[in-house]
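This briefing goes through the fold, the nonpolar core and the charged pairs of one protein model. Please keep the structure at hand while reading.

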Amino acid sequence: MKKSPIVLPSDPEDAEDFDVTAEAMDRGQRARLIRKTRTGLGLSQTEFAERFRVPVGTLRDWEQARATAPDFAIAYVRVIGRHPDLVAKAVA
């Protein structure tokens, strides 16, 4: 398995800093999109998960960047952000 290239090297003067890979940056951006969409709708993680039929544990992992949300999930979240009531009605 290849190592991901480092896109943001750690600060040598900061003992707690660490290198960041392209994969980690992507995972963080996806996490931010999901979290901003949910909070923009004024929903808790549990409310969002129930309303849009996403397992709450999966949502937490995505939002906290413990797991990378797949492309289909990002597309789903973007649609939710634009048409939340329509999506909620469609999955009810």
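In the protein, 46% of the contacts (heavy atoms within 4.5 Å) with a separation of 6 or more are between residues 24 or more positions apart. The model is predicted, so that local features need pLDDT of at least 70 and side-chain atom pairs count only at pLDDT 80 or more, while totals for chains, interfaces and linings use all residues. Residues are numbered from 1 along each chain as its sequence is written, and side-chain values use heavy atoms, with hydrogens and water left out.

**Overall form**
- The protein has 5 helices and 2 strands, taken as DSSP runs (H or I of at least four residues for helices, E of at least two for strands) numbered from the N terminus, and their order from that end is β-β-α-α-α-α-α.
- The radius of gyration of the protein is 16 Å, whereas a compact globule of 92 residues would have one near 12 Å; the radius is taken over C-alpha atoms, and the globule rule is 2.2 Å times the number of residues to the power 0.38.
- Along the principal axes, the C-alpha trace spans about 50 × 25 × 20 Å.

**Nonpolar core**
- Of the 92 residues, 25% are buried, where buried means under 20% relative accessible area, exposed over 50% and partly exposed in between (1.4 Å probe, protein chains only).
- The largest nonpolar core, a set of buried Ala, Val, Leu, Ile, Met, Phe, Trp, Tyr and Cys residues joined through side-chain atoms within 4.5 Å, has 15 residues, and those with the most contacts inside it include Ile34, Phe48 and Trp62.
- Helices H2 (45-52), H3 (56-63), H4 (71-82) and H5 (84-91) each supply at least two residues of this core, and the largest share, 4 residues, comes from H4.
- Leaving aside neighbours within four places in sequence, Trp62 is in contact with residues including Ala31, Ile34, Val54 and Ala73.

**Salt bridges**
- The whole structure holds 6 salt bridges, each a side-chain nitrogen of Lys or Arg within 4 Å of a carboxyl oxygen of Asp or Glu.
- Arg51 and Asp85 meet through their side chains in a salt bridge (2.7 Å, N to O), and this pair links distant parts of the chain, with Arg51 in helix H2 and Asp85 in helix H5, 34 residues apart.
- Arg51 is partly exposed at 29% relative accessible area, whereas Asp85 is exposed at 56%.
- Glu23 and Arg27 form a salt bridge (3.5 Å, N to O), both lying in helix H1 (residues 22-40), 4 residues apart, about one turn of the helix.
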